[in-house]
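Some labels in a structural description rest on explicit cut-offs. How is each label justified here?

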Amino acid sequence: MKIFITGVDSGIGKALVEEALKRGYEVYTFGLSLPKDLKGVQFVQCNLLELERIASKLRTLMKDVKELNLIILNAGVLGSLGSIKETPIYKIKETMDINVWSNKVIMDTFLELGVKMGQVIGMSTGAVSCGKGWNVYAISKSALNCLLKLYAGEVKETHFLSLSPGFIITPMLEEIMYQSEEVLPAVEKIKKSKKRTPEEVASLILDLVPKFRSVESGSFVDIEDLLG
């Protein structure tokens, strides 16, 4: 089992790598940094904001790889919460570049290299409902969902899925829960909702990989729905 994961420096990305290694998977990744305790991982340093450099970095990482069973596009940033009309374009652009366009470059590079891709999972969110305050995070993840659906229509041999993994106990979630209801009305509901550790979610995701294929390629799915 060969797996490629982005955004592994902390949180769910790091937990996914740890779980994959436990299961004996061959792991490839790139991003800003690789935690020192992650051993046996094929890694190339890459800043996803530098869109023009992603392809060359990925070619270096994938030089001897012809097939990936699973790709998890996990890297992402929260960006600005609160009023969209008060959010400058440069902040919107940074979030969109990481959450959306870096993934397009990654997909296009894999296709250019002829890497056979079994399954692609994009880490999305329930915030795509676009409730008040979610701002560019909701925009970017909605765009990611659309991007993967478009690829699903064009790359029939690969199964694509946008996944909302639920509330995960990470610094990002802590930042969200720190917001006032005035800025983010959903915050009180989030505080009362069920939460899982990154390790719990990583194990669930890898366990559910076969079940994901029962969902139409290009779909957006909440992990709670798959768990019944």
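The turns below take up a strand, its partners and the cores.

This is a predicted model in which local features need pLDDT of at least 70 and side-chain atom pairs count only at pLDDT 80 or more, whereas totals for chains, interfaces and linings use all residues. Residues are numbered from 1 along each chain as its sequence is written, and side-chain values use heavy atoms, with hydrogens and water left out.

Q: Why is strand β1 called largely enclosed by the rest of the structure?
A: Buried means under 20% relative accessible area, with a 1.4 Å probe and protein chains only; four of the five residues of β1 (residues 2-6) are buried, so the label follows.

Q: What makes β1 and β2 a pair?
A: Strands (DSSP runs of E, at least two residues) pair if DSSP finds at least two bridges between them. β1 and β2 have five bridges in the parallel sense, with F30 in β2 as the bridge partner of T6, and β1 also runs parallel to β4 through three bridges, where F4 stands opposite I71.

Q: What makes the largest set of 32 residues a nonpolar core?
A: A nonpolar core consists of buried Ala, Val, Leu, Ile, Met, Phe, Trp, Tyr and Cys residues joined through side-chain atoms within 4.5 Å. The largest such core has 32 residues, and F4, F30, M107 and F110 have the most contacts inside it. A second, separate core of 30 residues includes I12, L16, L38 and V221.

Q: Which residues does F110 touch?
A: Contact means heavy atoms within 4.5 Å; not counting residues up to four places away in sequence, F110 touches F4, L58, M62, L68, I71, V115 and M117.

Conventions:
Buried means under 20% relative accessible area, exposed over 50%, partly exposed in between (1.4 Å probe, protein chains only).
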